[in-house]
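Colleague: I'm new to reading protein structures. Could you walk me through one, feature by feature?

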Amino acid sequence: MYIILFGAPGVGKGTQAKIISSKYGFEHISTGDMLRESVKKGTPLGLKARDIMSKGQLVPDDIMIGIIREKLAEPQLKNGFILDGFPRTVSQAEALEKVLADLHYDNGVIIVIQVDEEELVKRLTNRRACKVCNSIFNNNEIAELTECPNCGAKYSFFQRPDDEEKVIRKRLKIFRETTLPVVDYYNNSTKIYGIDGLHPINEVSEQITKIINKTKENKKTVDA
Ligand code: AMP
């Protein structure tokens, strides 16, 4: 099965995707992480994406759709996968539907995590990342640390250029205007659930777990 985790930057998609991934063995596909990896390696894609990302803009649809089409064809994804950060436009959602149908993925669910915008600005400006393993932390959690609690890298914390307040406001505006219409697209077509992302991380993940288990059961009933 597949899960599309949908929500504005900072709602906790990455955190929840990691929890689901370790619980169910589903692969976590974060298009933001894939792009950051390309930027780090200096690949042609990374060179194109770097400026776009640091300004908080979206990487063009044709590039993103190409990346996802290639990724979703990998055979191990048959065990399940979570999309985090894709689709971000209606064109991406339309292309994704086609790719999923071509690959015969029919058991999926869209989970929309909602959090108030001012809370997101607060969360994102306090966010720090490890430049080695890409883990995300709250600044208060790591203020006294010299090593990343996840990978052990020393002095690896930094603020992503797209987590500066001016850029965050821009990203949220793009989310409202360009990405939010994706919800309307799914309202007409597929299974979609909304959850409140203001609750503690474990409560949000419990809700997600219930939705996933229900989706898995439905599939069994359909197959029987
Ligand atoms: P994220 O880590 O998901 O917030 O993504 C970081 C940045 O990568 C975004 O602000 C965009 O510049 C770019 N990006 C990630 N996913 C997509 C996508 N599906 N479409 C366009 N740009 C994307």
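Modeller: Sure, we'll go through a helix, the ligand, a few contacts and some backbone oddities. Keep in mind that this is a predicted model.

Colleague: Let's start with helix H2. Which residues in H2 are buried?

Modeller: "Buried" here means under 20% relative accessible area. In H2, which covers residues 31-41, the buried ones are Thr31, Gly32, Leu35 and Ser38. Looking down the axis of H2, you'd find these buried residues within an arc of 125 degrees, so they line one face of the helix.

Colleague: And what do the buried residues of H2 pack against?

Modeller: Two strands and two helices: strand E2 (27-30), strand E3 (81-84), helix H3 (44-54) and helix H4 (61-72). Just after H2 comes Gly42, with a positive phi of about 70 degrees.

Colleague: Now the ligand. How many residues surround the ligand, and which are the closest?

Modeller: There are 16 around it, and Thr31, Arg36, Gln57, Gly85 and Gln92 are the closest. H2 turns up again here: it supplies the largest share of the shell, four residues. Sorted by class, the shell has six nonpolar, five polar and five charged residues.

Colleague: Which side chains have an N or O atom at 2.9 Å from a ligand atom?

Modeller: For Arg36, the partner is an oxygen atom of the ligand, 2.9 Å from an N or O atom in the side chain. For Gln92, a nitrogen atom of the ligand is 2.9 Å from a side-chain N or O atom. Add Arg88 to your list too: an N or O atom of its side chain is 3.0 Å from a ligand nitrogen. As for cover, the ligand taken alone exposes 480 Å², and the protein buries 96% of that.

Colleague: How do I spot parts of the chain that meet despite being far apart in sequence?

Modeller: Compare the numbering with the distance in space. Take Lys216, in helix H10 (residues 201-223). Lys216 and Tyr24 are 192 residues apart along the chain, yet their C-alpha atoms are separated by 11 Å. Leaving out residues up to four places away in sequence, Lys216 touches Met1, Tyr24 and Asn107.

Colleague: Is Lys216 buried, exposed or partly exposed, and why?

Modeller: Its relative accessibility is 35%, so Lys216 counts as partly exposed.

Colleague: What about a contact between a side chain and the backbone?

Modeller: Try Ser21, which sits in helix H1 (residues 13-24). A polar atom of the Ser21 side chain lies 2.9 Å from the backbone oxygen of Phe26. Setting aside residues up to four places away in sequence, Ser21 touches Phe26, His28 and Ile82.

Colleague: What should I look for in the backbone itself?

Modeller: Here's the general idea: most residues other than glycine have a negative phi, and most peptide bonds are trans. Now check the peptide bond from Phe86 to Pro87: it is cis, with omega near 5 degrees. You'll find Pro87 in the loop between E3 and helix H5 (90-102).

Colleague: Where are His104 and Asn134, and what is the phi of each?

Modeller: Neither is a glycine, yet His104 has a positive phi of about 65 degrees, and Asn134 has a positive phi of about 70 degrees. His104 is in the loop between H5 and strand E4 (108-114), while Asn134 is in the loop between strand E5 (127-130) and strand E6 (136-138).

Colleague: Buried or exposed: what are His104 and Asn134?

Modeller: His104 counts as exposed because its relative accessibility is 69%. Asn134 has a relative accessibility of 18%, so it counts as buried.

Definitions and conventions:
Residues numbered from 1 in each chain as written. Predicted model: local features only at pLDDT ≥ 70, side-chain atom pairs only at ≥ 80, totals over all residues. Heavy atoms only, no water. Buried < 20%, exposed > 50% of the residue type's maximum accessible area, 1.4 Å probe, protein only. Arc of directions from axis to C-beta. Contact = heavy atoms within 4.5 Å. Near = heavy atom within 4 Å. Polar contact = N/O pair within 3.5 Å; in protein donor to acceptor, adjacent residues only side chain to side chain. Areas by Shrake-Rupley, 256 points an atom, 1.4 Å probe, with all protein chains shown as cover. Nonpolar A, V, L, I, M, F, W, Y, C, P; charged D, E, K, R; others polar.
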